[in-house]
Amino acid sequence: MTPTPRPHLAGLLRRAAVCLPLILPAAAPAATLDETPSIDGLLGTAPLMGTEGAGQGVVSLPRSLGLLGAEEETLRQRAEADPRNIALLKQLALVQVRNGHPEAAIETLEKVHALAPQDAMIALDIARLVGATQGAPAARAALERFRTAAADPFPFELALVQLDHDAGATSAARARIAQMLTTAPEAQKGRLRLLLARYLLAAGDTAGAAAQVESVLVSEPANVDALAFRALFRLNALDLDGARADIAAGLGADPDNVALLRLSARGEWRAGQRDLAIERLLRAAELSLWHEDVVLDAAKALDDAGRSQQAGTLIETALGHQPDAPQLLARLGQIRLTAGDWTGAEAAAAQLRLTGSAEAISDSEKIRVAVLRGRGQTEEAFGLMRSLADQGADLGAIAEVVNHHLAKGDPAEALTYVDTRLSAAPGQPALLLMRASLSDLLGKPDAAEADYRRVVRTLPQSAVAHVALARHLMHRDRPADAEAALRAGLAERPDDPSLKMPLVEILLRRADIDGALALMEDMVRAYPDNALVANNYVSLVTDHAPLDPVRIARAAEVAGQLGTSAVPQLRDTYGWLLHIRGQHAQARQILEPVLAEIPQDAWANYHMGMVCKALGDREGAARHLQAALRSTDSSFTKAEQVLSALQALTEN
């Protein structure tokens, strides 16, 4: 597992101000500041869980197809030889779109529709392609044609609503669903309410979405889609028992439901049942026909559980079914690099390059760079990266060149290089951020601030830009201006954690504990599965409200996933919470293995020292407190408390 920064709040919040690297790392996507569509955008993004609700689990055509690098002509010939093979026709359609042949893709999907005339998702994909080539009215007309010809028009009416929602008419889509509910037969109302729930959830109306789901469950208590929705709400509300009950009921009715299996994995992981969570994810990956997102989730869980070799085997198995899936190939390259398998990594990079997208080609080159470095060919590696950077489109490669100059102690040369790139791409936001960072390094704060503010003006919705400006202002000891920059960012992106975390630090500096806690509570609700968010919340409560029973109880609700984390610092936080709650013996059981992993850690030693003191172990308390006092960790802020505790041990 990747080493985790010291997560205790004081230290982590200092790091939060610099969580944006000085220069974007080589692995950073080109769209760091302004995301561009992925492969999903080729045919338009499908509904979150299908048109009909949460139970479908795997989205339709744009994401579920593989073979992205297959030759169009080869696929066409195979389809001619096997004209009723729907999966093959879908593969051909996606390759046709990728190759810039949308009309051919429409023709191919029309064949799919002829084989599956009641598949409204295929009709929706055709309409999206028609819209991309002929405009929105033509897209709607195409979908209306399918609806008119359908034996059951209802799924196509839902697809029409989805088309409107995709086009940005979200309020109209919700209104249309509400109108349909007034006239629809009872048998159709459940599906309508679940679609409305998804739209309400997307609009931020969680309460309204939950009300629609509950309405479905009143009349259909075994509705699998509704149970999945409610399980999601309960997981987000940290109601693990309730979520597990809903998931169990849903899986009892539909044991192969991919969405429920993934929700189950979330719940079991949070409960510390990691093997069961991984088992559910592996099952979901297979049932999803090796969908990239599901496979990558399972691989990450295996990595986090220390089972990296099995993660690699999973990726290789998935590639056996989807041999040209770019995300899987990129992940396989990373796995082989980590294992020092340079030949295997090169092979993955070569296959990744053949998938043809600009992002895949860039990623393949970066794998090649890493292979050269692994073999000790540093100059060749830099030459390849410089060549990639000089093409101008890959910001990560440009950042790598800048980092190369910084590593040689030459920030002025790095600045000259960025200026050169800016002359070719004037006003490029990421390059302006790089130049601002370098200006800071070279003692040119006014020039740096001008560039930071220019990026904020250009991309007011970019959290990265606001955080970079705030970081700069904090370094210049202007906390009020930094707070204003962060709040301006939050006005554009109210739920962005990268804006809230440094704002918490500013609030703590001026002793606004209630404000800081309120922000952290918002983050817990928004990111209930994020262990670092949970850790920071618990650390804040235990540091600043240890005698508040309501807040300590809430911290205990949030902290469940910390106790079983593979990261010792997170388990340390959990052990400290147990101590605050008076459970000293249980705290010691948690902290002993933590210190076996990180014996020099100041925070862990401080916590164990205080636990030992509470248990009457004077020798252990003195040993660990003295170890904490000897630490040079700049994030450790409890030296005064350590001295006081040691004095008390001496006097008693």
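Start by selecting alanine 231: its relative accessibility is 0%, so this residue counts as buried (under 20% relative accessible area; exposed is over 50% and partly exposed lies in between, with a 1.4 Å probe and protein chains only). A quick word before you click on: this is a predicted model, where local features need pLDDT of at least 70, side-chain atom pairs count only at pLDDT 80 or more, and totals for chains, interfaces and linings use all residues. Residues are numbered from 1 along each chain as its sequence is written, and side-chain values use heavy atoms, with hydrogens and water left out.

**Around alanine 231**

Colour residues 224-236 and you have helix 12, home of alanine 231. Helices here are DSSP runs of H or I with at least four residues, strands are E runs of at least two, and both are numbered from the N terminus. Which residues does alanine 231 contact, leaving aside neighbours within four places in sequence? Show Ala243, Asp246, Ile247 and Leu263; contact means heavy atoms within 4.5 Å. Then draw a distance from the C-alpha of alanine 231 to that of glycine 242: you should get 7.2 Å, with the two 11 residues apart along the chain.

**Zoom out**

Switch to cartoon for the whole protein chain, and you're looking at 36 helices and zero strands. Of its 652 residues, 50% count as buried. Among contacts with a separation of 6 or more, 54% are between residues 24 or more positions apart.

**Helix 7**

Next, select residues 136-149. This is helix 7, with 14 residues reaching 20 Å from first C-alpha to last, close to the 20 Å expected at 1.5 Å a residue (the expected span is 1.5 Å times one less than the number of residues). Show side chains for its buried residues, Ala139, Ala142, Leu143 and Phe146. They cover an arc of only 90° around the axis, which puts them on the same side of helix 7; the arc is that of the directions from the helix axis to the C-beta atoms. Spin round to the face turned away from that buried side and you'll find the exposed Pro137 and Thr148. To see what the buried residues pack against, add helix 5 (102-115), helix 6 (120-134) and helix 8 (154-166).

**Helices 18 and 20**

Now put up helix 18 (326-338) with helix 20 (358-374): they pack at about 5°, axes 11 Å apart. Axes are lines fitted to C-alpha atoms, for helices over the stretch in contact, and angles run from 0 to 180 degrees between N-to-C directions. The pair is therefore roughly parallel, a label for angles under 35 degrees. Where they meet, helix 18 brings Pro326, Ala330, Gly333 and Leu337, while helix 20 brings Ala360, Ile367, Ala370 and Val371.

Stay with helix 20. Its buried residues also pack against helix 19 (342-354), helix 21 (378-390) and helix 22 (395-407), besides helix 18. After helix 20 comes glycine 376, with a positive phi near 85°.

**Helix 27**

Jump to helix 27 (residues 479-492). Its buried residues are Ala482, Glu483, Ala485, Leu486, Gly489 and Leu490. They sit on the same side of helix 27, because their arc around the axis is only 160°. The face turned away carries the exposed Ala480 and Ala491. Helix 26 (463-475) and helix 28 (497-509) are included in the cover over the buried residues.

**Last stop: asparagine 605**

Is asparagine 605, in helix 34 (602-614), buried or exposed? At 3% relative accessibility, asparagine 605 counts as buried. Its contacts, not counting residues up to four places away in sequence, include Leu595, Pro599, His624 and Ala628.

Note on methods:
Angles under 35 degrees count as roughly parallel, over 145 as roughly antiparallel, 65 to 115 as roughly perpendicular and the rest as oblique.
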